[in-house]
Amino acid sequence: ALRRDGTVWTWGGNRYGELGDGFTDNRTTPHQARGLTDVAAVTAGARYTVALRRDGTVWTWGANYYGQLGDGTLVRRLTPVQARGLTDIAFVSAGGGCTVALGRDGAVWVWGSNAYGQLGIPRAFSTEPVRAGKP
């Protein structure tokens, strides 16, 4: 949940750290995602979460099997980390194992699993954002 004050509150299953509170315990009540403020939008993928801050940066946490967190690694994150190199983003969407961001300039950025060609790049996955349609 995104509160009007720009903080993110999560609850439910947390095996992969998808709640962003620094732990892997399941939560039956809302807990605040750590260190994240001034959020404009939030979206959840399969076992991970993505937040768009008002400054246009993208923050992610949770499972990272295919690089869907966009931090250049395959390491699970229990608290929010910034996706590499993204600024001036207007919209984000999380999926089964890939993430998409739309820049304010119209550029489309993608990262994570590319098992079915959904990223539009010639490789199996990307651990950091790449511009869609670019090799």
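So, to kick off: does Leu-74 count as buried, exposed or partly exposed? Partly exposed, because its relative accessibility comes out at 47%, and the exposed class begins over 50%. Bear in mind that this is a predicted model.

Where does Leu-74 sit? Look at the loop that runs between strand 5, residues 58–62, and strand 6, residues 77–82. On the surface, Leu-74 joins Tyr-65, Tyr-66 and Phe-125 in a nonpolar patch. Together those four residues have about 410 Å² of accessible area.

Okay, on to the sheet. It's an open one, four strands in the order 7-8-9-10, with antiparallel pairing. At the edges you've got strand 7, residues 89–94, and strand 10, residues 125–131, and each of those pairs on one side only. From one strand to the next, the twist averages 10°.

Let's zoom in on one pair. Strand 8, residues 98–103, and strand 9, residues 108–113, run antiparallel and are joined by five bridges. If you want a spot to click on, take Ala-101: its bridge partner in strand 9 is Trp-109.

Last thing, backbone angles. Asp-38 isn't a glycine, yet it has a positive phi of about 60°. You'll find Asp-38 in the loop between strand 2, residues 27–32, and strand 3, residues 39–44. Its relative accessible area is 30%, so Asp-38 is partly exposed.

Then there's Asp-88, again not a glycine, with a positive phi of about 60°. Asp-88 belongs to the loop between strand 6 and strand 7. With a relative accessible area of 41%, Asp-88 is partly exposed.

That's my tour, thanks.

Methods: Residues are numbered from 1 along each chain as its sequence is written. This is a predicted model: local features need pLDDT of at least 70, side-chain atom pairs count only at pLDDT 80 or more; totals for chains, interfaces and linings use all residues. Side-chain values use heavy atoms; hydrogens and water are left out. Patches are made of residues with over 30% relative accessible area and no salt bridge: like charges are joined within 9 Å, nonpolar side chains (Val, Leu, Ile, Met, Phe, Trp, Tyr) within 5 Å. Accessible areas come from the Shrake-Rupley method with a 1.4 Å probe; for residues, only the protein chains shown count as cover. A salt bridge is a side-chain nitrogen of Lys or Arg within 4 Å of a carboxyl oxygen of Asp or Glu. Helices (H or I, at least four residues) and strands (E, at least two) are DSSP runs, numbered from the N terminus. Buried means under 20% relative accessible area, exposed over 50%, partly exposed in between (1.4 Å probe, protein chains only). Two strands pair if DSSP finds at least two bridges between them. Axes are lines fitted to C-alpha atoms, for helices over the stretch in contact, and angles run from 0 to 180 degrees between N-to-C directions.
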